Amino acid sequence: MPLHRTSEDRLGALLNAAVDPVILIDRLGRITHFNRAAELAFGYTAFEVAGKNVSLLMPPPYREQHDGYLQQYLETGEPHIIGIGREVNARRRNGENFPVELSVGEFSSNGEHGFVGLLRDITLRKQNEEEIRRTTEELRLIFESTPTAATITDANGRIINANRACEALLGYSSAELCGRLHTDLTLEDDHDAIRDGFNRLTTEYEAFHQEVRYLTRGGHMLYALLNAGVARDAQGQALMIICEIIDRSALFAAEREAELMRNELAHVSRISTLGEMISSIAHEINQPIAAISTYASAARRLVGEGMADPDEIISALEKIYAQAQRSGQVIRSLRSLASKRDAVREQV
């Protein structure tokens, strides 16, 4: 066995050591070297493709265009892909097309001129890119199509995206909302609670919930429940905040209406109770009136008969005053019971 390999042997060994397909062609486009990685990628042996046009490894339309590009370069020196890396499709022996990154260079050695093509199968990368693209598109469609108003903010709380439901709810376009804080859209009284919630969300909490009042573009006040959650990276740092704005205006209106109805029912109940108590109230009022009449009649008789004792007259007047006060208190209680006022709930 010779101590030194020929140049051809050394070149073949170097090409076969490469992990990516390497193909050498002459100036006419005929394959002169086809390494082992190329055999595995394309399904041909080096013997089968030797001397054949490299367009054999290309699908249409590259196959028909290749010789023209090569001839144009040889005549004008103007490259199409030579010296420039690009993504193209290649074709295996079984007719399957697959994407590759192709870099083509020109060489000249010992009077031999030709071109070397370095290929890298990027099928897996393309599949991953397509999966990422598909997943991203699905998430975008879910976000845009969800019937609940939602925003995505950065870690500082500035809106970077808002869905169609949010646009419809607040009256602003997504472009108008982007870059704004939630505090820019709410009543000032709610600002501290929102800021505190967002600050705690990025440092402590995974979610927070807050009743807030938004102002729509038309100036209408909107009662809403703000639900916010945080997305974190592998190190636990806050990446973005996802906010859900639930319109509770109808619920607040219903609760207010229910409160008014409860107050009305309480008033009706008091009036009903008043009707049931008429006889007792009449008795309560008649007693002090009858007492006043009796004491007044007695005092008049004493004065008329000339038998008036100042102490007796004063006693009668004091009794008349006390009964008048009693009667007045009954009237005041009656008016308080019948008056229309907000119900007051107390724990008993």
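**A walk from Phe98 outward**

Let's start at Phe98, which is buried, with a relative accessible area of 2%. Keep in mind as we go that this is a predicted model.

What sits over the ring of Phe98? The charged end of Arg92 does, 3.8 Å from the ring centre. There is another arrangement of this kind to look up while you're at it: the charged end of Arg180 sits over the ring of Tyr172, 5.0 Å from its centre.

Now for the ring-to-ring contacts. A search of the whole structure turns up 3 aromatic pairs. One of them is Phe34 with Phe42, a tilted pair with 6.1 Å centre to centre and 50° between the planes. Phe42 also pairs with Phe98, this time edge-to-face, at 5.5 Å centre to centre with 65° between the planes. That second pair is worth a moment: Phe42 lies in helix 2 (residues 36-42) and Phe98 in strand 4 (residues 97-109), so the pair ties together parts that are 56 residues apart in sequence. Put the rings together and you have one aromatic cluster made of Phe34, Phe42 and Phe98. Is Phe42 buried or exposed? Its relative accessibility is 2%, so Phe42 counts as buried. Phe34 is buried as well.

Strand 4 gives us a way over to helix 4, since what covers the buried residues of helix 4 includes strand 4 and strand 5 (112-121). Helix 4 itself runs over residues 62-76, 15 residues in total. From its first C-alpha to its last it reaches 20 Å, close to the 21 Å expected at 1.5 Å a residue.

Which residues of helix 4 are buried? They are His66, Leu70 and Tyr73. These residues cover an arc of only 65° around the axis, so they end up on the same side of helix 4. Turn to the face pointing away from that buried side and you'll find the exposed residues Glu64, Glu75 and Thr76.

Last stop, the chain leading into this helix. Pro61 is found in the loop between helix 3 (46-49) and helix 4. Have a look at the bond between Pro60 and Pro61: it's a cis peptide bond, with omega about 0°. For context, most peptide bonds are trans.

How values were computed: Residues are numbered from 1 along each chain as its sequence is written. This is a predicted model: local features need pLDDT of at least 70, side-chain atom pairs count only at pLDDT 80 or more; totals for chains, interfaces and linings use all residues. Side-chain values use heavy atoms; hydrogens and water are left out. Rings of Phe, Tyr and Trp (its six-membered ring) pair if their centres lie within 6.5 Å; planes under 30 degrees apart count as stacked, over 60 as edge-to-face and the rest as tilted. Buried means under 20% relative accessible area, exposed over 50%, partly exposed in between (1.4 Å probe, protein chains only). Helices (H or I, at least four residues) and strands (E, at least two) are DSSP runs, numbered from the N terminus. A charge sits over a ring if NZ of Lys or CZ of Arg is within 6 Å of the ring centre and within 35 degrees of the ring normal. The expected span of a helix is 1.5 Å times one less than its number of residues. The arc is that of the directions from the helix axis to the C-beta atoms. Contact means heavy atoms within 4.5 Å.
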